[in-house]
Amino acid sequence: MAQTSMQVLSHYWREGSTGVSSVLAGFAKATGDQRYLSLLADVEQDIVRPYVQFPGFFLGWSGMGNFMLNAYSLFGDAKYLRNASKVARGVKKSQGIAFPRNQLYHFSTDFGTGSAGIAPFLHRLMQVKVSTTGVSDFNFTIDQLLA
């Protein structure tokens with residue numbers, strides 16, 4: 001039987017499309033170069049997903065949603081805010097402030113996989129919805145200087 005190779009792509013912030021898109025968005029805004037916007041349009045399609053395995057920041061919904069809020073702050077396109085709201089609905093299926101970490105076998109409060117990274121995304125989304133100026137990124141990126 002012939003073996004086929006399959007390319008597996010990640011769409012998360014730590015090692016995938018969301019992280020790459022975060023960089024492309026910053027470059028696009030800083031330089032105004034249309035090539036970055038074109039690449040961003042291609043890559044960001046991989047971020048808008050109906051199902052994601054984990055709620056966390058590094059490898060889950062919250063990192064993806066935070067990118068959407070960054071893109072909304074940078075470009076003002078309402079599609080990013082709509083997508084961030086969709087992401088939040090996926091995250092909020094957990095109860096209270098406890099979220100399961102990667103592999104879903106216990107609760108986590110750390111930044112990368114738990115509530116310390118999830119809660120700031122949800123809070124930021126609430127603030128953006130009531131603010132006309134946007135809310136700066138809690139993740140210490142330079143995006144707020146570019147907006």
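## Confidence in the model

The protein chain has a mean pLDDT (the predictor's confidence in each residue, from 0 to 100) of 81, and 74% of its residues reach 70 or more. This is a predicted model, where local features need pLDDT of at least 70 and side-chain atom pairs count only at pLDDT 80 or more, while totals for chains, interfaces and linings use all residues. Residues are numbered from 1 along each chain as its sequence is written, and side-chain values use heavy atoms, leaving out hydrogens and water.

Confidence peaks in helix 3, at a mean of 91, and is lowest in helix 6 (residues 143–146), at 62. Helices here are DSSP runs of H or I with at least four residues, numbered from the N terminus. Where pLDDT is low, please don't read the predicted coordinates in detail.

## The nonpolar core

The largest nonpolar core (buried Ala, Val, Leu, Ile, Met, Phe, Trp, Tyr and Cys residues joined through side-chain atoms within 4.5 Å) has 25 residues, and Phe 67 and Leu 69 are among those with the most contacts inside it. Helices 1, 3, 4 and 5 each give two or more residues to this core, with helix 3 giving the most, seven.

## Salt bridges

You will find four salt bridges in the structure, each a side-chain nitrogen of Lys or Arg within 4 Å of a carboxyl oxygen of Asp or Glu. One of them joins Lys 79 and Glu 44 at 2.8 Å, N to O. Lys 79 lies in helix 4 and Glu 44 in helix 2, so the pair ties together parts 35 residues apart in sequence. Glu 44 is buried, with a relative accessible area of 9%, whereas Lys 79 is partly exposed at 30%; buried means under 20%, exposed over 50%, and partly exposed in between (1.4 Å probe, protein chains only).
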